Amino acid sequence: MNTSATKSTESTAFRSALDVIRGVEPRVADAIGQEIADQRASLKLIASENYASAAVLLAMGNWLSDKYAEGTIGRRFYAGCRNVDTVESLAAEHARAIFGASHAYVQPHSGIDANLVAFWAVLSQRVESPALQRAQVRHVNDLSEQDWAQLRRELGDQRMLGMSLDAGGHLTHGFRPNISGKMFDQRSYGTDPATGLLDYEALRKTAREFRPLVIVAGYSAYPRLVNFRIMREIADEVGATLMVDMAHFAGLVAGKVLTGDFDPVPHAQIVTTTTHKSLRGPRGGMVLCDPELAEHVDRGCPMVLGGPLPHVMAAKAVALAEARQPDFHAYAQRIVDNAKALAEGLMRRGARLVTGGTDNHLVLLDVSGYELTGRQAEAALLDSGVVTNRNAIPQDPNGAWYTSGIRLGTPALTTRGLGVSEMDEIAELIDIVLRRTEPATAASGKPSKAQHVLDEAVSAQVARRAADLLAAYPLYPTVDLG
Ligand SMILES: *Cc1c(COP(=O)(O)O)cnc(C)c1O
């Protein structure tokens, strides 16, 4: 694809699009142009981000966006949906083929929405509720106060067992700041304090006591593999539905790096994902499920979602077509090789990693050994041109705001072409910055948890080395905006 013909075609496409936008609101065109410049200049280790292809990006900017298509293929609330039907069925077909799923629902606008669709699907499949049945055939806006009150009475306090936030779980797995924490009576499972690894026996014990309706597996910050065969065994034992949220690692499943017990699709009754993280598609979500849940999942719109985003479904179809190519397998394997190399590079320099390494696309670095909070480490690295995000570690003494960890992920830099030797250089840069950073002194005379001190000469030198690394691997090499 990296031919000069592609290069000029893609450049022309984006240049022309920006010219058209500039004619109406030049500041938007400038911001879009600035965004690619910023992304090209940043060493991005955000584990949840990636770079979608030009084809994926372009599939989103067109007339499909103008169409309303509430409902599902063959059962739309609007006329004239044949082209939406085409892209939606292509996306679903690719998704079923890649993941070996019997059903795929590609409408969710985001990962959060995919989870809401899945929760409602499980509730409507498992809980006898006339109010819920009525709600599902009507538009949400048509539900009265009484309808909602009855819905709440009938659904009662259904139980969910999800991975705790500080062990790497996600807000949407039943935690208070998210609606899932209000829909369900939630209890969480965590990791073994000694090893940092998931403790399946403790989980089994909690499940037996708590008897949840649904067990949610999946994470945003756990650096190891999850054995979904064991998770299903536990769910079956207590009569729970197993739902897996593979938002972070769907690309590793698509690329066949996670197989057997570690592939969630054959084990879970329902699987949700984002499409923009390791899967490298447009921002969006998706639900895969067993045939028994399909009709419930398909009521996602209008139960939870408004009209689907046909332009984004088109981009999902393109991204999933890309993920079916053999080179996607190599990409997924390189993500993991790079994460392992980054982990080893850090450990060799004395850093402490949660669980002592990684088996997937992310590394959780405990920065307390550098006598810093996650917030200080994140800011010092950003000063030095290295973009990461702070993250709580299990039993974090600094809580979820300051934290004691930094999460590092390799999907984006792997797309860019960086390999294991560059990961070692990056480990060195991170180690230099964190060694040379100190907490500032707060007004009280104690070390601050928020502010840090780092010699500007050090951050400038690291930023130069980071820029040199990036210069060798241009981002979007086929796009020249002139
Ligand atoms: C990122 C993520 C989500 C949310 O995805 P959005 O598209 O941001 O709504 C849900 N679950 C997990 C596990 C995630 O990592």
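Here is a short conversation about how some features of this predicted model get their labels.

User: Glad to have you here! Why are helices H19 and H20 called roughly antiparallel?

Analyst: Happy to help. H19 (residues 420-436) and H20 (residues 456-471) pack at an angle of about 170°. Angles over 145 degrees count as roughly antiparallel, so the pair earns that description. Their axes are 10 Å apart.

User: Which residues make the contact of H19 with H20?

Analyst: From H19 come Glu422, Glu425, Ile426, Glu428, Leu429, Ile432, Val433 and Arg436. H20 brings Val458, Val462, Arg465, Ala466 and Leu469. Sorted by type, the residues of this contact are eight nonpolar, five charged and no polar.

User: Let's turn to the domains. What makes up the interface between domain 1 and domain 2?

Analyst: The domain assignment gives domain 1 as 65-323 and domain 2 as 326-471, and their C-alpha centres lie 31 Å apart. Across the interface, 27 residues of domain 1 are in contact with 26 residues of domain 2. About 2,200 Å² is buried between the two domains, with 58% of that area given by carbon and sulfur atoms. Of the area that domain 1 buries against domain 2, Pro223, Arg224 and Arg280 supply 29%, more than any other three residues.

User: How do you know that arginine 224 and aspartate 359 meet in a salt bridge?

Analyst: Their side chains come to 3.2 Å, N to O. The cut-off is within 4 Å, so the pair qualifies as a salt bridge. Between domain 1 and domain 2 the count is one salt bridge.

User: Why does the peptide bond from cysteine 301 to proline 302 deserve a mention?

Analyst: This bond is cis, with omega near 15°, and proline 302 is found in helix H13 (residues 300-303). Most peptide bonds are trans, so a cis one is worth pointing out.

User: And what makes threonine 355 worth a look?

Analyst: Phi of threonine 355 is near 70°, a positive value in a residue other than glycine. Most such residues have a negative phi. Threonine 355 sits in the loop between strand E11 (352-353) and strand E12 (362-366).

Technical notes
Residues numbered from 1 in each chain as written. Predicted model: local features only at pLDDT ≥ 70, side-chain atom pairs only at ≥ 80, totals over all residues. Heavy atoms only, no water. Axes fitted to C-alpha atoms, helices over the stretch in contact; angles between N-to-C directions. Helix = DSSP H or I, 4+ residues; strand = E, 2+ residues; numbered from the N terminus. Parallel < 35°, antiparallel > 145°, perpendicular 65-115°, else oblique. Contact = heavy atoms within 4.5 Å. Nonpolar A, V, L, I, M, F, W, Y, C, P; charged D, E, K, R; others polar. Domains from an automatic or database assignment. Buried area = accessible area lost by both parts, 1.4 Å probe.
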